[in-house]
Every structure is written in C-alpha cells, then in structure tokens.
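Visitor: I would like a close look at one part of this model. Please take a helix, go through it slowly, and then show me what lies elsewhere in the chain.

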Amino acid sequence: MARSLHWLFGDQLGPHFLAPSPGGPDAADGPEPGPGPDTPLVMVESRAVLRRRRFHRAKAHLVLSAMRHRAAELGDRVTYVRAATYREGLARALGHRRADVTVSAPTTRAARALVADLEWVRTLPARGFLVGEDRFGEWLAGRDGHRLLFEDFYRWVRRDQDLLMDGDQPAGGRWNFDHDNRRPPPSGARVLGAPAPWTATEDEIDEEVRRDLDAWERSGEVAFTGADGPRVFPVTRAEALEALHQFVDFRLADFGRYEDAMLARDPWMSHSMLSVPLNLGLLDPYEVVEAAERAWREGRVPLASAEGFVRQIAGWREYVWNLYWHFGEDYRHRNVLRHRRVLPDWFQELDADRVTARCLSTVLADVRDRGWVHHIPRLMVLGSYALQQGWDPAAVNDWFHRNFTDGYDWVMLPNVIGMSQYADGGRMTTKPYTSGGAYINKMSDLCEGCAYRPSQRVGDTACPYTTGYWSFLHRHRERLSHNHRMRPMLSGLDRVEDLEAMLSQHRERGREAP
C-alpha cells in the first residue's frame with residue numbers, strides 16, 4: 001500500500017494548514033479533509049527560487065528562516081530537503097518509495113502548474129483565506145454582469161463572515177469609516193508616538209540562514225537587493241501571535257485615524273506589520289479580524305480603527321487574492337496606457353542616496369533597509385512616481401514582488417498592475433491613483449526640508465510629483481476624459497498657464513533621479 005505524505009510550501013507554515021478540516025466560517029469551501037495528525041510531511045527548500053531573480057536580502061532571509069523554524073518545530077514528522085529544485089527535493093524525500101502526496105493548493109500560478117504536472121500529487125483546496133475561489137465565484141454569479149466594485153465585495157464578506165455586524169446591519173450603522181480614517185499626521189509631530197511594534201530576537205537558525213546567504217552570494221550563485229539588516233518580522237507561530245497581540249492591545253486604537261499618514265522618522269506609524277506573517281501562513285486571517293472585533297466589542301479600541309483594519313484584512317486582502325485567479329494569467333501583461341520605459345538603475349538598486357526628492361529618497365531608503373513600507377508610500381510615492389514616468393508596469397510589478405518582504409505573485413499582480421499602475425484600464429479601480437506634491441505635503445512631513453516645492457510646476461524647485469502629475473494627465477487626456485471621476489482634474493489642465501514649460505521640464509529631467 002502506498003504511503004501518504006503531505007507537502008508544505010514555504011507560505012503554508014501555520015497550524016491551520018495541518019488541521020483535518022479548514023474550520024471557521026469557510027469550512028464549506030474546503031470539505032476535503034487535510035492531512036491526519038500523524039501524516040508524514042515534506043518541505044523543500046528550492047535554491048532555484050533564489051537563483052531566478054534578485055530578491056531583497058531581507059525577504060530571502062525571512063522565508064528561509066520561517067521554513068527552517070517550522071521544520072525544527074515539526075521535528076521527526078517532517079523530511080526537510082535542501083535541493084536545487086522542488087522536483088529534485090521531492091524525489092530525494094521520497095527515494096524509491098511509492099507515495100501518495102497531498103498538498104494544499106499553492107498560492108501562485110507557477111506553483112500550481114508545477115503541482116499539476118506531478119501526477120502523483122493530489123491538490124487539496126487552498127487554505128489561509130476567508131473566501132475560497134468557489135465562494136468568490138458564487139458572489140460573482142450573483143452580480144448579474146455588474147462591474148466589480150471592492151465596496152460591494154467588502155460588504156458581502158462582512159455579512160458572509162458575520163464580521164462587525166449587529167444582526168443584518170453593520171456595527172455602528174455604517175459600513176465605511178474612511179472619512180474618519182484619513183487624517184494627516186498631528187501637526188508638528190516627528191513620530192506618531194504609538195507604542196512600539198513587536199520586535200524580533202534572532203537565534204541560531206537566523207545565524208545559519210545568514211551564513212548560507214552570505215556564502216551563496218560570495219560564490220556568485222545568487223544576488224540580492226537591499227540591506228542585510230536585523231530580522232524585523234515574525235518567523236514562527238509564537239512570534240506571530242505575540243505580534244498580533246501587541247498590535248491589538250497597544251496599537252490598533254490609533255490605527256484608523258492615521259492609516260494613510262506618513263512621517264519620515266516613523267515608518268511603522270500604527271500599522272500592524274502583520275502582512276508578512278499572514279502571507280507566510282503563520283496567522284489565519286479569521287483569528288486576526290476576530291481579535292480586532294473582540295477588542296472593539298470589549299471597548300478597548302474605537303469602531304473606526306477596528307473597521308479600517310478589518311477592511312484591509314477581510315476586504316482588500318481577500319479581494320486581491322480572488323482577483324488574482326479571476327483575471328487570469330494574461331492580466332500580468334496588461335498595459336493599456338502603453339507605458340514601456342525601462343526602470344532606471346537607481347530605482348532598481350534601491351539607491352536612495354541618488355534621489356533629491358525627500359519623499360522618494362526616504363521611502364526608497366526604507367525599502368532598501370527593511371523591505372517594507374506601508375500601503376500609502378507604496379501607492380502614492382513609489383507607485384505614483386512609476387505611473388507618472390511611464391515605466392513598464394510588468395517591470396514595476398516585478399520590482400515590488402522582489403523587494404517587499406510580504407510580496408508574492410498573488411499579492412503584487414492585482415495591486416500593481418491594477419491599483420497602482422492602472423495598466424488594466426480600470427478593471428480593478430475606478431481611476432488612476434496618482435497625485436501632485438500637494439497630497440504628499442498634506443499627508444506627511446516629507447516635503448519639509450526638501451529641495452523641491454510641492455506648489456512649483458517649473459524651475460529648479462519644481463516638485464517632480466507635481467510636474468509628473470500634470471504631465472500624466474496631459475499624456476492620457478483623451479483616454480481619461482471618458483472617466484467621470486477624472487473630469488474635474490482634467491479640466492484643471494486648461495488652467496495651467498505654464499503647461500508647455502512644465503511638460504518640457506518633465507521631459508528634460510527624464511531618467512535622472514529626481
């Protein structure tokens with residue numbers, strides 16, 4: 001009789017990936033049982049993953065450390081193989097034994113294609129999400145051809161999962177607290193003053209990972225971007241739970257008000273920093289949103305903060321996950337704006353020191369040093385600049401995927417191609433997300449002490465975001481004129497008296513670091 005084995009990928013590291021059934025409100029999405037409590041396990045550390053692309057050093061460290069920590073916890077139950085490829089690792093784990101191998105559906109198309117090509121591997125439903133692909137299909141079928149809107153999906157998830165609900169109505173009588181959750185930072189503040197986030201303490205496994213990465217890099221086998229700093233994020237279930245409790249107990253209360261704000265000296269603000277352990281599979285999203293709701297119901301945090309956080313986890317994260325599969329493989333090649341410029345070297349190398357614009361220099365340095373910034377610097381500093389410059393969206397997507405510790409194909413493809421670069425022409429969002437320097441000045445202290453002025457369109461002190469914004473609108477005026485949300489901004493072009501001089505300056509700055 002063939003032996004049964006269960007294969008764990010490097011983002012399937014929490015206990016819910018080994019539970020007999022998915023559990024929670026999503027149980028109906030995955031009726032097929034998972035591995036039994038004594039089922040032998042196999043994990044493969046594939047060097048080919050690191051050889052193919054230049055990942056951020058912190059990302060490589062994080063994933064390998066998390067996998068090796070999980071293997072140490074599982075002990076003799078797991079066969080942990082370090083191999084050139086997944087195929088080689090599985091072959092070595094199985095040896096000459098015949099085995100029936102199961103695996104929870106991987107989170108990327110490439111990994112699913114690999115698994116599908118292995119006839120003796122049986123794929124179980126995906127775990128680690130609130131809304132499975134079949135359930136999302138039911139939601140789509142009920143829309144009768146209406147366009148996809150995140151707000152509609154979010155409200156459906158709230159009802160479906162009974163999150164922040166009082167009967168059939170949203171808690172507090174409102175679905176959306178965005179108006180309360182978009183404040184600029186406190187006037188004059190250099191740091192938000194929130195309690196410190198959870199911090200990691202490295203151990204001997206981290207030391208081993210660092211030695212291995214150093215050796216591979218010295219040999220020329222792999223190459224990385226970014227700095228080799230101390231580990232910032234959790235790599236074990238225990239660490240992830242500590243980080244979750246630290247956030248909910250001490251930081252969630254102020255999260256909502258300032259979730260869109262930026263401060264040069266405070267990259268964390270009141271953000272949870274839980275995207276990394278969530279995407280490694282160390283936390284189940286249901287336990288995360290349940291903890292936030294419980295904190296509100298116990299009177300420990302305001303409803304606006306709880307709702308803003310639940311919106312990110314149960315709303316946006318689930319929406320992105322399901323759109324990744326719904327849009328199909330061709331989505332990564334969408335480029336309706338025909339942006340084809342190559343990413344400049346200073347951006348590829350995370351060379352913040354070459355950048356004069358304080359906002360971009362600060363954010364790029366944070367990416368270089370930690371492989372993470374929160375969603376507004378990603379969207380309105382990094383993504384907005386790439387969009388204004390007309391960089392190839394596929395290359396921008398690859399850059400985000402490689403350089404962010406929480407970046408996976410399913411995470412970045414909809415967020416970058418759709419949300420950030422508007423390369424899908426509006427399938428995911430109702431308008432392009434870009435702005436002039438005025439927005440950055442309002443929502444941050446990043447313009448203070450900058451060589452450029454957010455109100456200036458021409459001259460030596462002209463803000464590259466302001467000139468870039470108007471140049472973007474001018475370049476795509478005809479296409480965007482059909483979008484009612486863009487008409488007020490487009491009408492402003494007719495009032496820009498120095499438009500030609502501004503467009504000329506934008507072109508002349510070209511590929512130089514701003």
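Guide: What follows starts with one helix and its cysteine, then moves on to other helices and loops. Keep in mind that this is a predicted model.

Start with helix α14, residues 358-370. The helix has 13 residues. From its first C-alpha to its last, α14 reaches 18 Å, close to the 18 Å expected at 1.5 Å a residue. Now look at which residues are buried. They are C359, L360, S361, T362, V363, L364, A365, D366 and V367. What do these buried residues pack against? Their partners are α13 (345-348), α15 (375-389), α16 (393-403), α18 and α19 (464-475). Just past the helix comes G371. The phi of G371 is positive, near 70 degrees.

Stay with C359 for a moment. C359 is buried, at a relative accessible area of 6%. Which cysteine sulfur is closest to that of C359? It belongs to C447, and the gap is 6.1 Å. That is too far for a bond. A disulfide needs the two sulfur atoms within 2.5 Å. From the other side, C447 is in no disulfide either, and its nearest cysteine sulfur is that of C359. C447 is also buried, with a relative accessible area of 16%. Search the whole structure and you find 0 disulfides.

Next, compare another helix. Helix α6 covers residues 150-161 and has 12 residues. Its first and last C-alpha atoms are 16 Å apart, close to the 16 Å expected. The buried residues here are F150, E151, F153, Y154, W156, V157, R158 and Q161. They pack against three helices, α5 (133-141), α11 (285-297) and α12 (303-327), and against the strands β6 (165-166) and β7 (169-170). Just after α6, D162 takes a positive phi of about 55 degrees.

Follow α12 onward, to helix α17 (residues 409-420). How do the axes of α12 and α17 meet? They come within 8 Å and cross at roughly 90 degrees. The two helices are therefore roughly perpendicular to each other. On α12, the contact is made by W316, R317, V320, W321 and Y324. On α17, it is made by D409, W410, V411, L413, P414, N415 and M419. Sort the residues of this contact and you get 9 nonpolar, 1 polar and 2 charged.

Beyond α17, look into the loop that runs between α17 and α18 (437-443). Y422 is found there. Y422 is not a glycine, although it has a positive phi of about 50 degrees. With a relative accessible area of 5%, Y422 is buried.

M269 makes a good companion. Its phi is positive too, at about 50 degrees, and M269 is not a glycine. M269 lies in the loop between α9 (252-255) and α10 (275-279). At 1% relative accessibility, M269 counts as buried.

Finish at T85, in the loop between β3 (78-83) and α3 (86-94). Is T85 buried, exposed or partly exposed? At 34% relative accessibility, T85 counts as partly exposed. Leave aside residues up to four places away in sequence, and T85 touches V44, S46 and A48. V49 is 36 residues from T85 along the chain. The C-alpha atoms of T85 and V49 are separated by 7.9 Å.

Definitions and conventions:
Residues numbered from 1 in each chain as written. Predicted model: local features only at pLDDT ≥ 70, side-chain atom pairs only at ≥ 80, totals over all residues. Heavy atoms only, no water. Buried < 20%, exposed > 50% of the residue type's maximum accessible area, 1.4 Å probe, protein only. Helix = DSSP H or I, 4+ residues; strand = E, 2+ residues; numbered from the N terminus. Expected span 1.5 Å × (residues − 1). Contact = heavy atoms within 4.5 Å. Axes fitted to C-alpha atoms, helices over the stretch in contact; angles between N-to-C directions. Parallel < 35°, antiparallel > 145°, perpendicular 65-115°, else oblique. Nonpolar A, V, L, I, M, F, W, Y, C, P; charged D, E, K, R; others polar.
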